[in-house]
Amino acid sequence: QVQLVESGGGLVQAGGSLRLSCAASARVSRYAMGWFRQAPGKEREFVAGIRRGSDSTSAANSVKGRFTISRDSAKNTVYLQMNSLKPEDTAVYYCAADSGTMITSTPDYWGQGTQVTVSS
């Protein structure tokens with residue numbers, strides 16, 4: 001069982017930045033890690049992912065060039081650096097861990113989520 005605890009969410013003005021953290025109870029290098037988000041009235045969607053045992057990353061088109069996922073294996077923590085935030089980025093952001101090579105839409109573990117609100 002892997003526990004994931006997100007932090008770093010909050011209220012920010014459009015154009016601002018936030019960095020989300022996801023502290024894991026297991027070695028993050030042994031999992032594909034990812035971030036998802038869910039806005040009110042919408043389905044949960046993929047934001048960014050990092051492959052197991054690799055620095056290879058992927059991101060949704062809507063956040064490419066603005067959001068960056070990274071992993072600190074020594075701290076068992078995954079980050080999501082979010083720049084140039086837009087009101088449409090407002091959502092609950094979830095960290096996820098997948099035992100496969102790449103993050104999928106049905107990862108094995110989820111965090112509890114952290115709220116990000118971007119004001120216009």
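I began at Arg 44, whose charged end sits over the ring of Tyr 94, 3.9 Å from the ring centre. I note here that the model is a predicted one. I then looked up Arg 44 again and found that this residue also lies over the face of Trp 110, at 4.2 Å from the ring centre.

Next I looked up the aromatic rings. How many aromatic pairs does the structure hold? I counted four. In one of them, the ring centres of Phe 36 and Trp 110 are 5.0 Å apart and the planes meet at 65°, so I wrote the pair down as edge-to-face. The cut-off for that label is an angle over 60 degrees.

I checked where these two residues lie. Phe 36 is in strand 4 (residues 32–38) and Trp 110 is in strand 10 (residues 109–110), so the pair ties together parts 74 residues apart in sequence.

Is Phe 36 buried or exposed? Its relative accessibility is 4%, so I entered Phe 36 as buried. Trp 110 has a relative accessible area of 32% and is partly exposed.

I went on to a pair that Trp 110 forms with Tyr 94, which is edge-to-face, with 6.3 Å centre to centre and 85° between the planes. Tyr 94 belongs to strand 9 (residues 91–98) and Trp 110 to strand 10, and this pair links distant parts of the chain, 16 residues apart. I looked up Tyr 94 as well: its relative accessible area is 13%, so Tyr 94 is buried.

Last, I asked which residues make up the aromatic cluster. I listed Phe 36, Phe 46, Tyr 94 and Trp 110, which form one cluster.

Technical notes: Residues numbered from 1 in each chain as written. Predicted model: local features only at pLDDT ≥ 70, side-chain atom pairs only at ≥ 80, totals over all residues. Heavy atoms only, no water. Phe/Tyr/Trp six-rings, centres within 6.5 Å; stacked < 30°, edge-to-face > 60°. Helix = DSSP H or I, 4+ residues; strand = E, 2+ residues; numbered from the N terminus. Buried < 20%, exposed > 50% of the residue type's maximum accessible area, 1.4 Å probe, protein only. Lys NZ or Arg CZ within 6 Å of the ring centre and 35° of its normal.
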